[in-house]
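Please work through the following exercises on a single protein model. Each task sentence is followed by a solution in steps.

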Amino acid sequence: MENKTQIKVMDNGPYRVAGNFELIDAEGNAFETKNMISLCRCGLSDKKPFCDGTHKGKFESCVRAE
């Protein structure tokens, strides 16, 4: 059975992506990634699209599935 890619919405933080995936930009260029990455959700990171922790204490969002 193939492993699923998982995207987890972290409380007050980034999207955590784990599994077998490819992250590409709008022109189709691939970003260098590992098996687990954190993607910026607050817009404050200096390393977009990746999270650099700048959100801590400056961003609040706790999303839950219905």
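**Exercise 1.** Determine whether Tyr-15 is buried, partly exposed or exposed, and describe its surroundings.

*Solution.* Step 1. Tyr-15 has a relative accessibility of 35% and therefore counts as partly exposed; buried means under 20% relative accessible area, exposed over 50%, and partly exposed in between, with a 1.4 Å probe and protein chains only.

Step 2. Tyr-15 belongs to strand 2, residues 15-18. Strands (E, at least two residues) and helices (H or I, at least four) are DSSP runs numbered from the N terminus.

Step 3. The charged end of Arg-41 sits over the Tyr-15 ring, 5.6 Å from its centre; the criterion is NZ of Lys or CZ of Arg within 6 Å of the ring centre and within 35 degrees of the ring normal.

Step 4. Together with Ile-7, Val-9 and Val-63, Tyr-15 forms a nonpolar surface patch of about 340 Å² accessible area. Patches consist of residues with over 30% relative accessible area and no salt bridge, nonpolar side chains (Val, Leu, Ile, Met, Phe, Trp, Tyr) being joined within 5 Å and like charges within 9 Å. Areas come from the Shrake-Rupley method with a 1.4 Å probe, and for residues only the protein chains shown count as cover.

The model is predicted: local features need pLDDT of at least 70, side-chain atom pairs count only at pLDDT 80 or more, and totals for chains, interfaces and linings use all residues. Residues are numbered from 1 along each chain as its sequence is written, and side-chain values use heavy atoms, leaving out hydrogens and water.

**Exercise 2.** Identify the residues of the salt bridge and state which parts they tie together.

*Solution.* Step 1. The whole structure yields one salt bridge, defined as a side-chain nitrogen of Lys or Arg within 4 Å of a carboxyl oxygen of Asp or Glu.

Step 2. Its partners are Asp-11 and Arg-64, at 2.7 Å from N to O. Asp-11 lies in the loop between strand 1 (6-9) and strand 2, and Arg-64 in the segment after strand 3, so the bridge ties together parts 53 residues apart in sequence.

Step 3. Asp-11 is partly exposed at 41% relative accessibility, whereas Arg-64 is exposed at 57%.

**Exercise 3.** Characterise the geometry of the aromatic pair.

*Solution.* Step 1. One aromatic pair is present; rings of Phe, Tyr and Trp (its six-membered ring) pair if their centres lie within 6.5 Å, with planes under 30 degrees apart stacked, over 60 edge-to-face and the rest tilted.

Step 2. Phe-31 and Phe-50 are edge-to-face, 5.8 Å centre to centre with 90 degrees between the planes.
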